[in-house]
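Colleague: I would like to go through this model slowly, one question at a time, with the reasoning spelled out for someone in a first year of study.

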Amino acid sequence: MTEIEIRGKLSKEKFDELFRLLTSNGELVDHYHRLSIDLSPGFDPETKTWKNSSGTDIRLKKSDDKEKLSVKMGSFHEKERKEVEIKLQTDQFLSALDFLEALGYNSGMIYYWESWEFNYQGVEIKLSKYTDEYFTFEIEGKENSDIETIAKNFKLTVYSREQYRQAID
């Protein structure tokens with residue numbers, strides 16, 4: 001499956017405004033706390049950055065009681081990327097981590113955040129809270145979705161390639 005998505009950073013005020021708007025005008029479809037282990041090739045443990053990005057992102061994700069393995073192909077900043085996901089059985093997270101480590105994927109970063117996913121005008125909008133000061137949005141659509149217009153209507157600023165690289169690092 002190819003996913004089409006854009007992302008950006010939000011202020012606390014903009015996060016609260018969007019949350020209120022989507023709660024009243026959209027449909028809340030999911031809310032979860034996610035633990036994500038990013039084992040993508042090219043990670044430099046000393047700088048804690050991906051200096052030599054391979055174009056393949058490998059992530060093991062635990063969202064409350066749902067677990068999955070995700071691989072995305074294409075450069076991190078591209079709007080369209082191929083994604084393959086495998087849903088895991090409950091409590092397979094650590095076994096999957098052992099499996100990836102046995103394959104040589106043994107270095108990366110661990111992230112933790114809270115997300116709310118909304119259906120809104122045919123797209124999925126995800127609002128995420130990483131800390132009390134750090135918030136993001138993601139708008140994901142199908143092939144014919146006009147995700148840029150929705151971002152523009154909400155007055156959202158999409159990451160430039162450089163801003164997205166800084167956010168990742």
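Colleague: Let us begin with one side chain: is Tyr130 buried, partly exposed or exposed?

Modeller: Please keep in mind that we are looking at a predicted model. The relative accessible area of Tyr130 is 30%, and a residue is called buried under 20% and exposed over 50%. Since the value for Tyr130 falls between those two limits, Tyr130 is partly exposed.

Colleague: Which residue forms an edge-to-face aromatic pair with Tyr130?

Modeller: An aromatic pair counts as edge-to-face when the planes are over 60 degrees apart. One pair that involves Tyr130 has 70° between the planes and 5.4 Å from centre to centre. The partner is itself partly exposed, with a relative accessible area of 24%, and the residue is Tyr134.

Colleague: How many aromatic pairs does the structure hold, and how is the pair of Trp113 and Tyr130 classed?

Modeller: The structure holds nine aromatic pairs. In the pair of Trp113 and Tyr130, the ring centres lie 5.1 Å apart and the planes meet at 35°. Planes under 30 degrees apart would count as stacked and planes over 60 as edge-to-face, so the pair of Trp113 and Tyr130 is tilted.

Colleague: How many residues apart are Trp113 and Tyr130, and where does each of them sit?

Modeller: Trp113, which is buried at a relative accessible area of 10%, belongs to strand β8, residues 109-120. Tyr130 sits in the loop between β9 (123-129) and β10 (135-141). The pair therefore links distant parts of the chain, and the two residues are 17 residues apart.

Colleague: Which residues form one aromatic cluster?

Modeller: Aromatic rings can be joined into a group as well as described pair by pair, and one cluster here includes Trp116. The full membership of that cluster is Phe15, Phe19, Trp116, Phe118 and Phe135.

Colleague: Turning to the strands, how many bridges join β5 to β6, and how many does β6 form with β7?

Modeller: Strand β5 covers residues 56-63 and strand β6 covers residues 66-73, and these two run antiparallel with eight bridges between them. As one example, Thr56 has Met73 as its bridge partner in β6. Strand β6 also pairs in the antiparallel sense with β7, residues 80-88, where Lys72 has Glu83 as its bridge partner. The count is eight bridges for β5 with β6, and for β6 with β7 it is seven.

Colleague: Which residue takes a positive phi in the hairpin of β5 and β6, and which one does so in the hairpin of β6 and β7?

Modeller: The hairpin of β5 and β6 has two residues between its strands, and the positive phi there, near 55°, belongs to Asp64. In the hairpin of β6 and β7, which has six residues between the strands, a positive phi near 120° is taken by Gly74.

Colleague: Which side chain meets Asp57 in a salt bridge?

Modeller: Side chains of opposite charge can pair when their charged atoms come close. Asp57 lies in strand β5 and its partner in strand β7, 24 residues apart, with 2.8 Å from N to O. Asp57 counts as buried at 8% relative accessibility, and the partner is buried too, at 4%. That partner is Arg81.

Colleague: Which residues are joined with Lys126 into one network of salt bridges?

Modeller: The side chains of Lys126 and Glu138 meet in a salt bridge at 3.8 Å, N to O, and this pair links strand β9 with strand β10. Another salt bridge brings together Glu5 and Arg7 at 2.9 Å. Salt bridges that share partners join Lys126 into one network with Glu5, Arg7, Lys72 and Glu138.

Colleague: What is the volume of the largest pocket, and how many charged residues does its lining have?

Modeller: The largest pocket has a volume of about 1,200 Å³, and it is lined by 48 residues, of which Arg7, Arg34, Lys61, Trp113 and Lys126 lie nearest its centre. Strand β5 gives the largest share of the lining, six residues. By class, the lining has 14 nonpolar and nine polar residues, and its number of charged residues is 25.

Technical notes
Residues are numbered from 1 along each chain as its sequence is written. This is a predicted model: local features need pLDDT of at least 70, side-chain atom pairs count only at pLDDT 80 or more; totals for chains, interfaces and linings use all residues. Side-chain values use heavy atoms; hydrogens and water are left out. Two strands pair if DSSP finds at least two bridges between them. Helices (H or I, at least four residues) and strands (E, at least two) are DSSP runs, numbered from the N terminus. Rings of Phe, Tyr and Trp (its six-membered ring) pair if their centres lie within 6.5 Å; planes under 30 degrees apart count as stacked, over 60 as edge-to-face and the rest as tilted. Buried means under 20% relative accessible area, exposed over 50%, partly exposed in between (1.4 Å probe, protein chains only). A salt bridge is a side-chain nitrogen of Lys or Arg within 4 Å of a carboxyl oxygen of Asp or Glu. On a 1 Å grid over the protein atoms alone, a cavity is a set of points where a 1.4 Å probe fits but cannot get out, and a pocket is an open set with protein on both sides within 12 Å along at least five of seven lines; lining residues have an atom within 4 Å of a point. Grid points are joined across faces, edges and corners, and a volume is the space filled by probe spheres set on the points. Ala, Val, Leu, Ile, Met, Phe, Trp, Tyr, Cys and Pro count as nonpolar, Asp, Glu, Lys and Arg as charged, and the others, Gly among them, as polar.
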